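Subject: Handing over the structure

Dear colleague,

I am passing on to you the structure that we spoke about, and I would be glad if you opened it beside this message and read the two together.

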Amino acid sequence: MPSEKYLKYGRPVEPRDPNQEYMTVQETAFTLYCSVDTIRRLMKELGLHSRPGRSIVTDKADRQAIHRARHAGRKTSRRKPLARAA
């Protein structure tokens, strides 16, 4: 059974308005069809900083940057490629 903390912060949540200026990480993950961990990792990789306040939020420009990074052909997976037999 998932922990209470995971249920609150680790799962994507549908935003009230998909066009709102600021969204939580959970709402951003829902909007961009990925996990919350992926959003947090990409924010760190891209150097995006949260807005003031207690929760981490993204604005429209942040979401566009995350979307471009995910679809730019970059490998975002941490898996190592399989070794090919010669």
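What follows is a description of what was found, going from the whole chain to its parts.

Please keep in mind from the start that this is a predicted model. The protein has 4 helices and 2 strands in its secondary structure, and when you follow the chain from the N terminus, these elements come in the order α-β-α-α-β-α. Of its 86 residues, 29% are buried. If you take the contacts whose partners have a separation of 6 or more, 49% of them are between residues 24 or more positions apart.

The core

Which residues make up the largest nonpolar core? There are 12 in all, namely Val 25, Ala 29, Leu 32, Cys 34, Val 36, Ile 39, Leu 42, Met 43, Leu 48, Ala 65, Ile 66 and Ala 69. At least two residues of this core come from each of H2, H3 and H4, and H3 gives the most, with 4 residues.

Helix H3 deserves a look of its own, and its buried residues are Val 36, Thr 38, Ile 39, Arg 41, Leu 42 and Met 43. These buried residues pack against H1, H2, S2 and H4. Val 36 can serve as an example, for once residues up to four places away in sequence are left out, Val 36 touches Tyr 9, Gly 10, Arg 11, Pro 12, Val 25, Gln 26 and Ala 29. Just after H3 you will come to Gly 47, which takes a positive phi of about 75°.

Leu 48, a member of the core, lies in the loop between H3 and S2. Leaving aside residues up to four places away in sequence, Leu 48 touches Met 43, Asp 62, Ala 65 and Ile 66. Leu 48 and Ala 65 are 17 residues apart along the chain, and their C-alpha atoms are separated by 9.0 Å.

Helix H4

Helix H4 spans residues 60-70, and its buried residues are Asp 62, Arg 63, Ala 65, Ile 66 and Ala 69. Why do they lie on the same side of H4? They cover an arc of only 160° around the axis, and therefore they are placed on the same side of the helix. Among the elements that cover these buried residues are strand S1 (23-24), helix H2 (25-31), helix H3 (36-46) and strand S2 (57-58). At the N-terminal end of H4 you will find Asp 59 acting as a cap, with a side-chain oxygen 3.3 Å from the backbone nitrogen of Ala 61.

One residue that touches H4 from elsewhere in the chain is Gln 20, whose place is in the loop between H1 and S1. Is Gln 20 buried or exposed? Gln 20 counts as buried, because its relative accessibility is 16% and the cut-off for buried is under 20%. Not counting residues up to four places away in sequence, Gln 20 touches Pro 15, Glu 27, Lys 60 and Arg 63.

The largest pocket

The largest pocket holds about 200 Å³ of space. Its lining is made by Lys 8, Tyr 9, Val 13, Thr 24, Val 25, Gln 26, Glu 27, Arg 40, Arg 54, Ser 55 and Ile 56. The elements that give two or more residues to this lining are helix H1 (4-9) and H2, and the largest share, 3 residues, comes from H2.

Two of the lining residues are described here in turn, and they are Lys 8 and Val 13. Lys 8 lies in helix H1, and Lys 8 counts as exposed because its relative accessibility is 55%, where exposed means over 50%. From Lys 8 to Gln 26 there are 18 residues in sequence, while the distance in space is 9.0 Å, C-alpha to C-alpha.

Val 13 is found in the loop between H1 and S1, and at 37% relative accessibility Val 13 counts as partly exposed. Val 13 and Thr 28 are 15 residues apart in sequence and 8.2 Å apart in space, again from C-alpha to C-alpha. When residues up to four places away in sequence are not counted, Val 13 touches Gln 26, Glu 27 and Phe 30.

With kind regards

Key
Residues numbered from 1 in each chain as written. Predicted model: local features only at pLDDT ≥ 70, side-chain atom pairs only at ≥ 80, totals over all residues. Heavy atoms only, no water. Buried < 20%, exposed > 50% of the residue type's maximum accessible area, 1.4 Å probe, protein only. Arc of directions from axis to C-beta. Contact = heavy atoms within 4.5 Å. Polar contact = N/O pair within 3.5 Å; in protein donor to acceptor, adjacent residues only side chain to side chain. Core = buried A, V, L, I, M, F, W, Y, C linked by side-chain atoms within 4.5 Å. 1 Å grid on protein atoms, 1.4 Å probe; cavity = no way out; pocket = protein on both sides within 12 Å on 5 of 7 lines; lining within 4 Å. Points joined across faces, edges and corners; volume = space filled by probe spheres on them.
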